[in-house]
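Biologist: Hi, have you got a few minutes to walk me through this one? I'd like to go from the ligand outwards.
Modeller: Sure, let me put it up.

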Amino acid sequence: MTDTADAVAVPGSEPPVTRRERRRSEAAARPWWHTAVVYQVYPRSFSDSDGDGIGDIPGITSRLDHLAELGVDVIWLSPVYRSPHDDNGYDISDYTDVDPAFGTLADLDHLIAEAAARDIGIVMDLVVNHTSDEHEWFRDSRSSADSAKRDWYWWRPARPGTTAGEPGAEPTNWGSFFSGSAWQLDEATGEYYLHLFSRKQPDLNWENPEVRGEIYAMMRWWLRRGIAGFRMDVINLISKRLGADGVPGSLADGAPRADGWGNGFPQYVDGPRMDAFLAEMHQQVFDAFPGTYLTVGETPGVTLEQARSYTDPANREVDMVFQFEHMGLDSGVGGKFDPKPLHLPDLKANLARWQDGLAETGWNALYWDNHDQPRIVSRWGDDGEHRVASAKTLATVLHLHRGTPYVYQGEELGMPNAGFTSLAQYRDLESLNYAADADRLGIEEATLLRGLAAQSRDNARTPVPWDASPNAGFTTGEPWIDMTPGWETVNAQAARADQGSVFHHYRRLVELRHADPVVVDGAFELLAPDHEQLWAFTRTTADAQLVVVANLSGEELGFAMAEIGLDGGAPLSEVAVASHAEASRPDGEGRLVLRPWESVVFRRAV
Ligand code: NOJ
């Protein structure tokens with residue numbers, strides 16, 4: 001792909017900025033995305049306009065008013081690029097075209113314009129750790145060991161002393177994230193290529209400057225179309241310790257994982273050139289355009305120290321990263337499909353550590369849900385009797401931390417997990433590969449189904465329920481995956497009509513963030529860290545304080561404010577936002593009783 005880094009933005013290429021600009025002038029020192037709320041759309045399951053059972057871009061455009069009412073500033077659009085859909089679009093075969101299942105480039109331009117008209121920017125998903133094996137780069141690379149693009153991917157011969165193809169001949173013992181070896185033998189040349197994800201997702205070799213040049217050119221091409229930034233898929237895997245500049249490095253086997261393959265993570269996560277690659281990308285892409293963009297890196301396994309470096313504005317790399325430590329707190333000995341109950345103090349402590357760690361330098365991305373995680377109300381809330389209250393309370397604690405909150409489609413409706421009871425209902429390759437491995441791993445069917453029901457990525461991938469019409473108004477055809485039961489009552493139309501709904505609670509949280517600088521800037525302090533039901537913290541600026549108290553249990557919870565370190569200061573009389581219509585308040589003695597799953601955010605002057 002050819003273009004020049006110094007290309008001038010074409011008219012209309014700046015991101016839509018009315019609301020952002022207003023806030024920017026209110027707080028010149030603060031980047032616009034500090035006050036923004038991002039909403040993630042997983043296109044396949046959002047809204048289907050043509051009745052083929054698969055959500056599409058015109059479907060998204062037709063639902064923009066829902067998002068405008070919610071008040072979000074940005075849509076992160078999961079991949080809509082051309083793809084064979086081995087991993088639902090995270091396997092891209094053409095970065096500069098839209099997959100026909102989702103529509104056309106013209107549809108996307110129209111979506112960008114219609115979103116802009118509502119003050120909403122579009123952030124594209126950037127999936128450049130790997131391509132599809134059907135991308136022309138990979139086709140060329142695999143065509144011969146002499147291909148000019150051979151070095152664009154990670155090719156390695158069989159392990160010394162073995163014959164290619166025999167068990168154990170893989171260059172290392174690394175397992176892929178999606179079961180099986182991370183190496184695939186290519187018969188044509190007798191060499192293996194690396195695929196950290198599925199075998200249809202070969203890893204790009206970022207050491208090769210031509211690869212990087214193509215990617216930066218592609219990113220500029222998207223910025224010229226008027227997008228507001230990028231969410232960067234597994235971006236901290238792009239610098240691998242496999243030997244720089246084509247010189248084979250040490251290929252070390254990894255420690256055994258639960259499935260018998262080796263853990264190669266230390267060899268390819270947060271590698272030595274990460275900071276250099278991100279800084280180069282920033283300079284080659286974002287510095288070439290006027291305006292400021294939102295960049296968020298997906299960074300599994302990232303440590304706080306690394307995150308601080310990636311998001312330190314002085315380093316000019318990315319604005320924020322998604323960390324995963326809290327998402328692992330309910331993984332059991334057998335991994336994520338062997339979940340264990342959450343111990344609330346661990347979760348509070350984890351988020352607090354990230355609050356403190358990025359308080360001075362960097363910025364947090366706050367999330368419960370995305371297309372890879374189960375639904376939060378089922379995971380750590382109560383999707384039965386207390387569905388509404390627990391969804392609101394989980395939203396409150398997250399959105400009142402410091403950072404940019406991300407809302408995943410359906411989360412604002414308090415959607416529960418998919419409720420699948422048979423293997424035939426699953427579509428996700430991670431779940432299906434795991435199921436295919438179950439016999440070998442000695443996992444019984446009931447255990448397998450329990451693990452998948454709790455943790456499968458399909459939990460978050462069922463269609464968004466829009467109304468009570470057939471298939472919840474998602475499609476006039478057959479949905480590509482079963483609907484989550486209960487959509488006759490849990491749907492967007494019903495939620496928008498009910499001021500007490502989860503939807504309106506999210507809307508109020510977004511509104512509060514936009515209106516009140518304490519939500520954005522206030523220093524964070526965790527209270528009662530060891531309490532197993534109460535999540536309490538303060539956010540404080542020079543002139544105001546928010547006091548957040550949340551009951552994360554189905555039992556009534558009483559405590560004295562003094563017990564949690566809040567015995568002084570102005571009375572807690574003003575309620576900024578609350579889960580229940582009539583918020584509970586401290587009595588004359590400073591004792592507060594919260595109902596099951598109740599949360600209250602008080603605001604006072606300091
Ligand atoms: C992370 C994405 O969020 C996930 O959905 C995908 O399967 C992998 N990266 C591979 O792209």
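Biologist: How do the residues of the shell around the ligand divide into nonpolar, polar and charged?
Modeller: The model is a predicted one, to say that up front. The shell splits into 7 charged, 4 nonpolar and 3 polar residues.

Biologist: And which residues are the closest to the ligand?
Modeller: Asp 87, His 130, Asp 233, His 371 and Asp 372 are the closest, out of 14 residues that surround the ligand.

Biologist: What about polar contacts? How far is a polar side-chain atom of Asp 372 from an oxygen atom of the ligand?
Modeller: For Asp 372 the distance to a ligand oxygen is 2.5 Å. The side chain of Asp 233 has an N or O atom 2.8 Å from an oxygen of the ligand, and for the side chain of His 371 the value is 2.8 Å.

Biologist: Nice. How much of the ligand's exposed area does the protein bury?
Modeller: The protein buries 98% of the 300 Å² that the ligand exposes when taken alone.

Biologist: Which domains does the shell draw at least three residues from?
Modeller: Domain 1 and domain 2 each give at least three residues to the shell.

Biologist: Remind me, what are the domains of the chain?
Modeller: The domain assignment puts residues 31–130, 209–422 and 458–510 together as domain 1. Domain 2 covers 131–205, domain 3 covers 423–455 and domain 4 covers 519–605.

Biologist: How far apart are the C-alpha centres of domain 2 and domain 4?
Modeller: Those two centres are 54 Å apart.

Biologist: Let's switch to the strands. In what order do the 8 strands of the open sheet come?
Modeller: The order is 13-12-9-5-2-1-17-16, with parallel pairing. Strand 13 (320–322) and strand 16 (365–366) are the edges; each has a single partner strand, so one side of each has no neighbour in the sheet.

Biologist: Can we zoom in on strands 5 and 9? How many bridges do they pair over?
Modeller: Strand 5 (residues 121–126) pairs with strand 9 (residues 229–232) over 4 bridges, in the parallel sense. Within that pair, Val 123 has Gly 229 as its bridge partner.

Biologist: What's going on with Asp 119 and its phi?
Modeller: Asp 119 has a positive phi, about 65°, although it is not a glycine. It sits in the loop between helix 4 (105–117) and strand 5.

Biologist: Is Asp 119 buried or exposed?
Modeller: Buried, because its relative accessibility is 17% and the cut-off for buried is under 20%.

Biologist: Which way do strand 21 and strand 23 run, parallel or antiparallel?
Modeller: They run antiparallel, joined by 4 bridges. Leu 557 is partnered with Leu 594 of strand 23.

Biologist: Which residues are on the covered face of strand 23?
Modeller: Leu 592 and Leu 594 are on the covered face, while Arg 591 and Val 593 are on the uncovered one. Trp 597 follows in the loop between strand 23 and strand 24 (599–605). Trp 597 has a positive phi of about 60° without being a glycine, and it is buried, at 5% relative accessible area.

Biologist: One last spot: where is Asn 205 found?
Modeller: Asn 205 is in the loop between strand 8 (191–194) and helix 6 (209–224). With 2% relative accessibility it counts as buried, and its side chain reaches the backbone nitrogen of Glu 207 at 2.9 Å.

Biologist: Great, thanks!

How values were computed
Residues numbered from 1 in each chain as written. Predicted model: local features only at pLDDT ≥ 70, side-chain atom pairs only at ≥ 80, totals over all residues. Heavy atoms only, no water. Buried < 20%, exposed > 50% of the residue type's maximum accessible area, 1.4 Å probe, protein only. Helix = DSSP H or I, 4+ residues; strand = E, 2+ residues; numbered from the N terminus. Pairing = 2+ DSSP bridges. Domains from an automatic or database assignment. Near = heavy atom within 4 Å. Polar contact = N/O pair within 3.5 Å; in protein donor to acceptor, adjacent residues only side chain to side chain. Areas by Shrake-Rupley, 256 points an atom, 1.4 Å probe, with all protein chains shown as cover. Nonpolar A, V, L, I, M, F, W, Y, C, P; charged D, E, K, R; others polar.
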